[in-house]
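Student: Hey, I've just been handed this one and don't know where to begin. Can we walk through it together?
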Amino acid sequence: MRVPSIYADHHAMAVRRVLSALPGVNEVGVSSAFKWVRLTYDATQVDLARIEEALRAAGYDPAEEETVATIPATKGDPAWPSLGLRVTQTNILDLQMSGEFRKY
């Protein structure tokens with residue numbers, strides 16, 4: 001389940017601690033990078049509503065999947081024309097000191 005308010009490792013540890021304390025919860029996996037909680041539980045001892053209630057009580061409200069608007073591939077950043085063309089040139093000495101040319 002998605003939990004958008006998990007954005008750091010200490011949040012992940014707090015969620016893991018809250019859910020592990022529930023009777024019937026077997027394994028808890030929490031990701032602050034992906035903002036999700038995955039767990040296994042015994043449905044005869046605890047149900048999903050109780051798990052969500054425990055998360056809300058701890059301050060971590062489960063939510064629906066977030067959708068991000070996509071920009072069409074044909075549309076560029078409006079700032080690009082004002083920035084102009086940027087061209088770089090690699091110094092030959094940098095090339096000579098890299099890769100198989102390195103002689104130390």
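Tutor: Sure, let's start with the overall layout and then look at some residues. Keep in mind that this is a predicted model.

Student: Okay, how many helices and strands does the chain have?
Tutor: There are 4 helices and 2 strands. Along the sequence they come in the pattern α-β-β-α-α-α.

Student: And how much of the chain is buried?
Tutor: Of the 104 residues in the chain, 23% are buried. The accessible surface of the chain is about 8,400 Å², and 55% of that belongs to carbon and sulfur atoms.

Student: Which residues touch the most other members in the largest nonpolar core?
Tutor: That core has 17 residues, and the ones touching the most other members are Ile-6, Val-15, Leu-19, Val-30, Val-37 and Tyr-60. Two or more residues come from each of α1 (9-20), β1, β2 and α2 (48-57).

Student: Which element gives the most to this core?
Tutor: That's α1, with 4 residues. As a general tendency, nonpolar side chains in soluble globular proteins are buried together.

Student: Let's pick Leu-19. What is it in contact with, leaving aside neighbours within four places in sequence?
Tutor: Leu-19 is in contact with Val-25, Val-28, Val-37, Leu-39, Ile-51 and Leu-55.

Student: New topic: where does Ser-32 lie?
Tutor: Ser-32 is in the loop between β1 (25-31) and β2 (36-41).

Student: Is Ser-32 buried or exposed?
Tutor: Buried, because its relative accessibility is 17% and the cut-off for buried is under 20%.

Student: So what does the side chain of Ser-32 make a polar contact with?
Tutor: The side chain of Asp-9, at 3.1 Å. Setting aside neighbours within four places in sequence, Ser-32 is in contact with Ile-6, Tyr-7, Ala-8 and Asp-9.

Student: What about Lys-35, where does that one lie?
Tutor: Lys-35 is also in the loop between β1 and β2. Its phi is positive, about 60°, even though Lys-35 is not a glycine.

Student: Why does Lys-35 count as partly exposed?
Tutor: Because its relative accessible area is 22%, and partly exposed covers what lies between under 20% and over 50%.

Student: Last thing: which residues make the nonpolar surface patch of about 230 Å²?
Tutor: Met-1, Tyr-41 and Leu-48 make that patch. Leu-48 lies in helix α2 and is partly exposed, with a relative accessible area of 39%.

Terms used. Residues numbered from 1 in each chain as written. Predicted model: local features only at pLDDT ≥ 70, side-chain atom pairs only at ≥ 80, totals over all residues. Heavy atoms only, no water. Buried < 20%, exposed > 50% of the residue type's maximum accessible area, 1.4 Å probe, protein only. Polar contact = N/O pair within 3.5 Å; in protein donor to acceptor, adjacent residues only side chain to side chain. Contact = heavy atoms within 4.5 Å. Core = buried A, V, L, I, M, F, W, Y, C linked by side-chain atoms within 4.5 Å. Patch = residues over 30% accessible without salt bridge, like charges linked within 9 Å, V, L, I, M, F, W, Y side chains within 5 Å. Areas by Shrake-Rupley, 256 points an atom, 1.4 Å probe, with all protein chains shown as cover. Salt bridge = Lys/Arg side-chain N within 4 Å of Asp/Glu carboxyl O.
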